[in-house]
Amino acid sequence: MDFEPYRGELVAYCYRMLGSFHEAEDLVQETMLRAWRARDRYDATRASVRTWLYRIATNACLTALEGRARRPLPSGLGAPSEDIGAPLAPALDVPWLEPFPDARHDVEARADLRLALVAALQVLPPRQRAVLVLREVLQFSATEVAEQLGTTAAAVNSALQRARGAVAEVGGADEVAEPGDPEVRAVVQRYVQAFEAADVPALVRLLTDDAVLEMPPVPLWYRGSRDYGRFLDRVFALRGTGWRMTSLTANGQPALAAYAPEPGGGGHRLHSLQVVTVTGGRVARTVVFADPRVGEAFGLPARTGGDAFRPER
């Protein structure tokens, strides 16, 4: 029995459930081991290998989620800040939502991995979360999901309705940014050029009026192009100008690896991974992930050397 063809989609599923890419990879490895040990008990007349693996993965995720706090983004914890000079102290006790590195796994549909949707999923109780993903994203039947969760099809359909309502109340889950769209690529390119030039007025012109900027593990977040721009003024004042950025994708969205200049002109050091939502030809949201583990998950070099660095476009 070859389980490897299912690894990528299982990692994506566990990521949607857990909000953590690192934990998702670990749980999928555990799922593969459990399946291998139980291979003699697999009954092909009752379920396909794929359905059977999802049952094992679902049980592993539900067990992992017992007693755990949800993984939020800063915007999910309270109102936006109005203090541009507030201390940038990380909240290390919060299990923050992590981005998904697209290049690490082959996943057919990435629209359902977008950050806004995964953040919305985290507000659901774990079993409702599983029902919504299995039914709406992965298109399992109610009967199949009932078998995976040890319940009835009627209970699955009831949980699905509650989950849909809860996600709709959170809002923002319908935002889709296709990184390959020419308009999106053009907007991101202009954003990169303005950021590397430290041209805050040009950056602000690229934003929607109610653009959101958030930066886990710092719990602060800002709403509105004015405060977004004022905060960027602060960033360039603190960290200097001459940043370098390279383009990639995360969660099926445009993403940028941002490298801040090192003192004395000694090259650039990785500062953050920024996941960008483009809506209507403007940047509507930027989530700035500054956790070093994020850079490692995306395979980003910790530093680059001066003029030798040329970001990919």
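In the predicted model, strand 5 and strand 7 (residues 303–304) run antiparallel and are joined by two bridges, with Arg269 standing opposite Arg303 of strand 7. Strand 5, which spans residues 268–279, also pairs in the antiparallel sense with strand 4 (residues 253–261), in this case over seven bridges. Within the pairing of strand 4 with strand 5, Ala257 is placed opposite Leu273 of strand 5. The hairpin that these two strands form has six residues between the strands, and Gly264 in this hairpin adopts a positive phi near 80°.

A further antiparallel pairing involves strand 6 (residues 282–289), to which strand 5 is joined by seven bridges. Here Thr277 has Arg285 of strand 6 as its bridge partner. Strand 5 and strand 6 likewise form a hairpin, with two residues between them, and Gly280 in the turn shows a positive phi of about 60°. Strand 5 is thus paired with strand 4, with strand 6 and with strand 7.

Aromatic contacts were examined next. The structure holds eleven aromatic pairs. One of these is formed by Tyr42 and Trp52, whose rings are tilted, with a distance of 5.0 Å centre to centre and an angle of 40° between the planes. This pair links distant parts of the chain, since Tyr42 lies in the loop between helix 2 and helix 3 (49–65), whereas Trp52 belongs to helix 3, ten residues apart from Tyr42. Trp52 counts as buried because its relative accessibility is 14%, which falls under the 20% limit for that class.

Phe195 and Trp243 form an edge-to-face pair, for which the centres are 5.5 Å apart and the angle between the planes is 75°. This pair, too, links distant parts of the chain, as Phe195 is in helix 8 (residues 182–196) and Trp243 is in the loop between helix 10 (225–239) and strand 3 (244–250), 48 residues apart. Both partners are buried: Phe195 is assigned to this class because its relative accessibility is 3%, and Trp243 because its value is 0%. Phe195 and Trp243 also belong to one aromatic cluster, in which they are joined by Tyr191 and Phe236. An aromatic ring is also involved in an arrangement with a charged group, in that the charged end of Arg39 sits over the ring of Trp36, at 3.8 Å from the ring centre.

Two residues of helix 2 were then considered in turn. Thr31 is located in helix 2, which comprises residues 21–37, and is classed as buried because its relative accessibility is 0%. When neighbours within four places in sequence are left aside, Thr31 is in contact with Leu53, Ile56, Ala57 and Ala60.

His22 is likewise located in helix 2, but counts as partly exposed because its relative accessibility is 24%. Not counting residues up to four places away in sequence, His22 touches Glu98, Arg293 and Ala297. With Glu98, the side chain of His22 makes a polar contact to the side chain of its partner, at 3.1 Å. Between His22 and Thr51, by comparison, the C-alpha to C-alpha distance is 23 Å, with a separation of 29 residues in sequence.

Conventions:
Residues are numbered from 1 along each chain as its sequence is written. This is a predicted model: local features need pLDDT of at least 70, side-chain atom pairs count only at pLDDT 80 or more; totals for chains, interfaces and linings use all residues. Side-chain values use heavy atoms; hydrogens and water are left out. Helices (H or I, at least four residues) and strands (E, at least two) are DSSP runs, numbered from the N terminus. Buried means under 20% relative accessible area, exposed over 50%, partly exposed in between (1.4 Å probe, protein chains only). Contact means heavy atoms within 4.5 Å. A polar contact is a pair of N or O atoms within 3.5 Å; within protein, one must be able to donate a hydrogen and the other to accept it, and residues adjacent in sequence count only if both atoms are side-chain atoms. Two strands pair if DSSP finds at least two bridges between them. Rings of Phe, Tyr and Trp (its six-membered ring) pair if their centres lie within 6.5 Å; planes under 30 degrees apart count as stacked, over 60 as edge-to-face and the rest as tilted. A charge sits over a ring if NZ of Lys or CZ of Arg is within 6 Å of the ring centre and within 35 degrees of the ring normal.
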